[in-house]
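Okay, thanks for coming, everyone. Let me put the model up, and then we'll walk through it together.

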Amino acid sequence: MAKIEPIQDTSGIRRSWEKIFKSNDPFCIPFQPKVNAYQIFFPTVGVQLTESQYEAVTMAARLSGDHGFVISEVEVEGDFFKQGKHWWCEFPKYEDYLELPLYVENALYSIHSHWGVLISHENHAVVGGSEPFIAIVLKMYPNCQSDIIQLINYWMELLGYQERCPKWITNMFGGLCEK
């Protein structure tokens, strides 16, 4: 079984996080400017990725040279590096990933700050990285375009919007919201 172990000293992962993410808000573009490509996964399995989403991200991470990834709870009161739980994962099987006690918004990310995934409690995830990283994700998970359309339709129906997307979706994928 691949290793999953709690992280106690968060100083190193904080530096990794801050190089890839500028926010823990999954309702915006949460990435630093150096992250030049991103996509949406929808729906997720609550606050975890579906198996095909997980396999796409982990394959892209492996091909990017990573030997594992960090998972951090990011939806906690105060500083989530001090208050949240964190794990080092050496590419566990999907079933083992699902066994993690994740009940709040969380992030999977590269210890080398190559890529990141921010998962919302509203059943979507924002995936970011370099263009080659996202190209691998898209090859392994070709549903991204339909996921975005499903997300738009879901939120327009949920909020009772007839003619326009919620602002956060427009900010991320403006052209796709045009009818």
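So, let's start with one pair: Phe 69 sits across from Cys 89 in β4. One thing to keep in mind before I go on is that this is a predicted model.

Staying with those two strands, β3 and β4 run antiparallel to each other and are joined by four bridges. Another pair there is Ile 71, whose bridge partner in β4 is Trp 87. On the β5 side, β3 again pairs in the antiparallel sense, over four bridges. There, Glu 73 has Asn 106 of β5 as its bridge partner.

Now, which way do the residues of β3 point? Phe 69, Ile 71 and Glu 73 go one way, Val 70 and Ser 72 go the other way, and all of them are buried. That's five of the five residues, so β3 is largely enclosed by the rest of the structure. And yes, that list of buried residues includes Glu 73.

β4 does something you'll recognise: His 86 and Trp 88 point one way, Trp 87 and Cys 89 point the other way, and all are buried. β4 also pairs with β1, residues 4-6, in the antiparallel sense over three bridges. If you want a residue to click on, Glu 5 is opposite Trp 88 of β4.

Let's zoom out to the sheet. Seven strands make an open sheet, and the order is β1-β4-β3-β5-β6-β7-β2, with antiparallel pairing. At the edges you have β1 and β2, and each has a single partner strand, so one side of each is left with no neighbour in the sheet. If you ignore direction, neighbouring strands here are turned by 20 degrees against each other on average. As a reminder, strands of a sheet pair through backbone hydrogen bonds.

Next, the helices. α1, residues 11-20, lies across β3, β4, β5 and β6, and it runs at about 90 degrees to β5. Then there's α2, residues 51-63: 13 residues, reaching 18 Å from first C-alpha to last, which is close to the 18 Å expected at 1.5 Å a residue. Its buried residues are Gln 53, Tyr 54, Ala 56, Val 57, Thr 58, Ala 60 and Ala 61. After α2 comes Gly 65, with a positive phi near 100 degrees.

That brings me to the packing. How many residues does the largest nonpolar core have? It has 29, and the ones with the most contacts inside it are Phe 41, Leu 49, Ile 71, Tyr 97, Leu 108 and Val 117. Elements giving two or more residues to this core include α2, β3, β4 and α5. The largest share, five residues, comes from α2. There's another core apart from that one, with 27 residues, and among them are Ile 20, Val 35, Val 70 and Val 74.

Last stop, Leu 49. Leaving out anything up to four places away in sequence, Leu 49 touches a list of residues that includes Phe 41, Tyr 54, Val 57, Tyr 97, Leu 108 and Val 117.

Okay, that's my tour; over to you.

Definitions and conventions: Residues are numbered from 1 along each chain as its sequence is written. This is a predicted model: local features need pLDDT of at least 70, side-chain atom pairs count only at pLDDT 80 or more; totals for chains, interfaces and linings use all residues. Side-chain values use heavy atoms; hydrogens and water are left out. The expected span of a helix is 1.5 Å times one less than its number of residues. Buried means under 20% relative accessible area, exposed over 50%, partly exposed in between (1.4 Å probe, protein chains only). A nonpolar core is a set of buried Ala, Val, Leu, Ile, Met, Phe, Trp, Tyr and Cys residues joined through side-chain atoms within 4.5 Å. Contact means heavy atoms within 4.5 Å. Two strands pair if DSSP finds at least two bridges between them. Axes are lines fitted to C-alpha atoms, for helices over the stretch in contact, and angles run from 0 to 180 degrees between N-to-C directions.
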